[in-house]
Amino acid sequence: MTKIASGLEHAFALRGFAEPSVEDLREAAGVSLRTLYKYTPSRDDMVLAALEHRHQRYLASTFDDLPEDQAMATDSLMERIGAWMLNEASHGCLFHAAVAAAPGDARLRALLERHKGEVSERAARACGLTQHQVDLNLIIEGLMQSWPIHSEEAVASAKRLSGLLRVRTCK
């Protein structure tokens, strides 16, 4: 299943959610059509499997082994999100793109909300800003949405804003 989800994630990240045919997705997953449908019985299930896989990769990439010092963790987190955007998501958030492609899909919206909620909660805890989870979420989302236009400037701005939030919280 990991192999399938990884291939599907790569295909959707590269080509979007509308363009790849089932044959393209089967090829990206590197399995037979029968095996693909055994593990992901519909295209909707393929999208969900890809996003679940991406969710786990994103969490590991951004939160594993952050510095224990909360100020350093905050800066490191913003740098890691910038690196993710550079290497994995230069066109923007795949979760938002999935919901935009199927706005009526309740399972996709729930997955988006769970993903963003878990990222916000973990970020707030790692940065010592638990009482400012929404503020930190806004900074992270702003970084991700502005990355395609501003790249490294967006990372620097996110670091400054989260630093200001930290200073304000410490007063």
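**Close-up views of helix packing and internal space**

**View 1. Helix 4 and helix 6 each contribute at least two residues to the lining of the largest cavity.** The model shown here and in the following views is predicted. One cavity of 30 Å³ or more is found in a search of the whole structure, and the largest cavity holds about 50 Å³ of space. Its lining is formed by R54, Y58, W84, A89, G92, C93, L94, F95, H115 and M144. Sorted by class, this lining comprises seven nonpolar, two polar and one charged residues.

**View 2. The largest pocket encloses about 310 Å³ of space.** A total of 19 residues line this pocket, and A13, L14, R54, E88 and A89 are the closest to its centre. At least two lining residues come from each of helix 1, helix 4, helix 5 and helix 6 (94-101). Helix 1 gives the most to the lining of the largest pocket, namely six residues. The pocket lining divides into eight nonpolar, seven polar and four charged residues.

**View 3. Helix 4 (residues 43-63) and helix 5 (residues 70-88) cross at roughly 135°, their axes coming within 8 Å.** The two helices, helix 4 and helix 5, are therefore oblique to each other. The crossing in which helix 4 passes helix 5 is right-handed. On the helix 4 side, the contact involves R54, R57, Y58, S61, T62 and F63, which meet L77, R80, I81, W84 and E88 of helix 5. Five nonpolar, two polar and four charged residues make up this contact of helix 4 with helix 5. Two of the participants recur in View 2: R54 and E88 are among the residues closest to the centre of the largest pocket. R54, Y58 and W84 are likewise among the residues that line the largest cavity, shown in View 1.

**View 4. Helix 1 (residues 2-15) packs against helix 2 (residues 22-29) at an angle of about 125°, with the axes 7 Å apart.** Helix 1 is therefore oblique to helix 2. As helix 1 passes helix 2, the crossing is right-handed. Helix 1 presents K3, I4, G7, L8, A11, F12 and R15, and these residues meet D24, L25, A28 and A29 in helix 2. By class, the contact of helix 1 with helix 2 consists of seven nonpolar, one polar and three charged residues. Helix 1 also appears in View 2, where six of its residues belong to the lining of the largest pocket.

Terms used: Residues numbered from 1 in each chain as written. Predicted model: local features only at pLDDT ≥ 70, side-chain atom pairs only at ≥ 80, totals over all residues. Heavy atoms only, no water. Axes fitted to C-alpha atoms, helices over the stretch in contact; angles between N-to-C directions. Helix = DSSP H or I, 4+ residues; strand = E, 2+ residues; numbered from the N terminus. Parallel < 35°, antiparallel > 145°, perpendicular 65-115°, else oblique. Left-handed = near helix turned anticlockwise from the far one by under 90°. Contact = heavy atoms within 4.5 Å. Nonpolar A, V, L, I, M, F, W, Y, C, P; charged D, E, K, R; others polar. 1 Å grid on protein atoms, 1.4 Å probe; cavity = no way out; pocket = protein on both sides within 12 Å on 5 of 7 lines; lining within 4 Å. Points joined across faces, edges and corners; volume = space filled by probe spheres on them.
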